[in-house]
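Student: Please pick one part of this model and take me through it closely. After that, tell me what else is worth a look.

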Amino acid sequence: MHDPAAPDRAARGREIALLTNPTAGGGRGARYRDVALARLRESGFVVRNLEGRDADEAADLARGCVADGVEALVLCGGDGLVHLGVQAVAGTGVPLGLIPSGTGNDFARYFGLPRADPVAAADRVIASRRRTIDLARSGDRWFVTVLAAGFDAIVNERANAMAWPRGQMRYNLATLAELRTFRPIPYVLQLDGESAEHEAMLVAVGNGPSFGGGLRITEGALLDDGLLDVVVITRMSKTKLVRSYPRLFTGRIDGVAEYVHRRVRSVTVAAPGIVSYADGERFGPLPLTIDCVPGALEVVA
């Protein structure tokens, strides 16, 4: 019988990098890192144990490892750290692994990675099975999950400016505060070169099906079909928006008349005064052109 604690011959001497956000998930990042690091080293991997003092230093460390030719960049954190890591490995062929320890963990959900068991997550890295997926790109920036450009992005901006409370309640309060004054936004979209105008509550561009910890806004989006899923929620009453919101968690939004869903290779989204968010991170002000880049990311999954 195979002893799981015995060094794995296939892993012995292979060098990987483990980059951690120790504050992810309210401190889970540091705890999960310690457990995963021991498991990876025990299996025979040579592991560079890295942690940036801030996002810029973490990004430099990630790029440095890729340039040095490590066999994989393994992240211990949430979707924010995945977003940072993807900027370093996109298009390089160096695979991305993940020990999920964030709050939302949508990337981990996509691949069915264990979200509460760092040993089991490390075992996925040790098994070293790879999957190739698409990425979304705008200029020189990439994202994996969903770009939000509307009501949800405005809520994110407000929540980020609030010092209190912490966690999900801050987003709930920001949502209520924004709802009071929110007006539909005039959007101009270019969908594979075809123009469309909407008065809408939000526009989301999905490489994958969910964001924000399981909000399935771009339900049906596939990670390897060479297409982006563009969802528009057109003008609706605030009451209906609040009523429909829980349905986003299940993806059962098709019956909502205001729901428009298109699949495209490229989309340009323009609207006044909106800063977009992607993978939960501040991404950039509109207008933005986003392209699907097939096969741009290797994932250890």
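**Strand E8 and its neighbours**

Tutor: Let's start at a turn: strands E8 and E9 make a hairpin with two residues between them, and aspartate 192 in that turn has a positive phi of about 50°. Keep in mind that this is a predicted model, where local features need pLDDT of at least 70 and side-chain atom pairs count only at pLDDT 80 or more, while totals for chains, interfaces and linings use all residues. Residues are numbered from 1 along each chain as its sequence is written, and side-chain values use heavy atoms, with hydrogens and water left out.

Strands (E, at least two residues) and helices (H or I, at least four) are DSSP runs, numbered from the N terminus. E8 covers residues 185-191, and E9 covers residues 194-206. The two run antiparallel, joined by seven bridges; strands count as paired if DSSP finds at least two bridges between them. Proline 186, for instance, has glutamate 199 of E9 as its bridge partner.

E8 also pairs with strand E12 (residues 266-270), again antiparallel, through four bridges. There, valine 188 is partnered with alanine 270.

Now for the side chains. In a regular strand they alternate between the two faces of the sheet. E8 shows this: Ile185, Tyr187, Leu189 and Leu191 point to one face and are buried, whereas Pro186, Val188 and Gln190 point to the other and are not. Buried here means under 20% relative accessible area, with a 1.4 Å probe and protein chains only.

Beyond the strand, a search of the whole structure turns up two cavities of 30 Å³ or more. A cavity is a set of points on a 1 Å grid, over the protein atoms alone, where a 1.4 Å probe fits but cannot get out; lining residues have an atom within 4 Å of a point. The largest has a volume of about 60 Å³, volume being the space filled by probe spheres set on the points, which are joined across faces, edges and corners. Helix H8 (residues 238-250) gives the most to its lining, with four residues. Among the lining residues are Leu202, Tyr245 and Leu248.

The second largest cavity comes in at about 30 Å³. Asp152, Leu202, Phe211, Leu215, Ile217, Tyr245 and Leu248 line this one.

Methods:
1 Å grid on protein atoms, 1.4 Å probe; cavity = no way out; pocket = protein on both sides within 12 Å on 5 of 7 lines; lining within 4 Å. Buried < 20%, exposed > 50% of the residue type's maximum accessible area, 1.4 Å probe, protein only.
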